[in-house]
Amino acid sequence: MCKYKFFSHKECECFPCHNVSNEDDFNCLFCYCPLYTLGDKCGGVFTYLENGVKDCSDCMIPHSKEAYEFIMSKCDLIIDMVKK
């Protein structure tokens, strides 16, 4: 695996920010998921709260070893979304 695709910041005061069985596989590269803005097209595990806010707290996609490839595969959707 390319080193730029995985980063684990074990000294972070929030590490790990999700309950995980193996902290060595926890990817911090996408600390805040860039796919949040895609709403129901993000491909992750989420629910909408009563107030309409998207809750991704059960989603581990951005923190997986495969996160880079998955998120990069969705970049065209984000680009299309922000085009004028």
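Student: Which residues make the nonpolar surface patch?
Tutor: In this predicted model, the patch is made by Tyr 36, Leu 49 and Val 53. Its area is about 250 Å².

Student: Where is Tyr 36 found relative to β1?
Tutor: Tyr 36 sits in the segment before β1.

Student: And is Tyr 36 buried, partly exposed or exposed?
Tutor: Partly exposed, because its relative accessible area is 40%, and the partly exposed class runs between under 20% for buried and over 50% for exposed.

Student: OK, Val 53 then. What is Thr 47 in contact with, leaving aside its neighbours within four places in sequence?
Tutor: Val 53, Lys 54 and Asp 55. So Val 53 turns up twice: as a contact of Thr 47 and as a member of the nonpolar patch with Tyr 36 and Leu 49, taking contact to mean heavy atoms within 4.5 Å.

Student: Which strand is Thr 47 in?
Tutor: Thr 47 is in strand β1, which covers residues 47-48.

Student: Why does Thr 47 count as partly exposed?
Tutor: Because its relative accessibility is 45%.

Student: How far is Thr 47 from Glu 23 in space?
Tutor: C-alpha to C-alpha, Thr 47 and Glu 23 are 25 Å apart. In sequence they are 24 residues apart.

Student: Switching to cysteines. How many disulfides does the count come to?
Tutor: The count comes to zero disulfides.

Student: Why no bond for the sulfur of Cys 31?
Tutor: The closest cysteine sulfur belongs to Cys 17 and is 6.1 Å away, so that is too far for a bond. The cut-off for a pair of sulfur atoms is 2.5 Å.

Student: What about Cys 33, which cysteine sulfur is nearest?
Tutor: That of Cys 59, at 6.5 Å, and Cys 33 is in no disulfide. As for exposure, Cys 33 has a relative accessible area of 29%, so Cys 33 is partly exposed.

Student: Zooming out, what does the secondary structure of the chain come to?
Tutor: Two helices and two strands. From the N terminus on, the elements run β-β-α-α.

Student: What does the C-alpha trace span along its principal axes?
Tutor: About 40 × 35 × 20 Å.

Student: How much of the chain do buried residues make up?
Tutor: Buried residues make up 23% of the 84 residues. The accessible surface comes to about 6200 Å², and 55% of that belongs to carbon and sulfur atoms.

Student: Last one: among contacts between residues at least 6 apart in sequence, how many join residues at least 24 apart?
Tutor: In this chain, 47% of those contacts do.

Technical notes. Residues numbered from 1 in each chain as written. Predicted model: local features only at pLDDT ≥ 70, side-chain atom pairs only at ≥ 80, totals over all residues. Heavy atoms only, no water. Helix = DSSP H or I, 4+ residues; strand = E, 2+ residues; numbered from the N terminus. Buried < 20%, exposed > 50% of the residue type's maximum accessible area, 1.4 Å probe, protein only. Patch = residues over 30% accessible without salt bridge, like charges linked within 9 Å, V, L, I, M, F, W, Y side chains within 5 Å. Areas by Shrake-Rupley, 256 points an atom, 1.4 Å probe, with all protein chains shown as cover. Salt bridge = Lys/Arg side-chain N within 4 Å of Asp/Glu carboxyl O.
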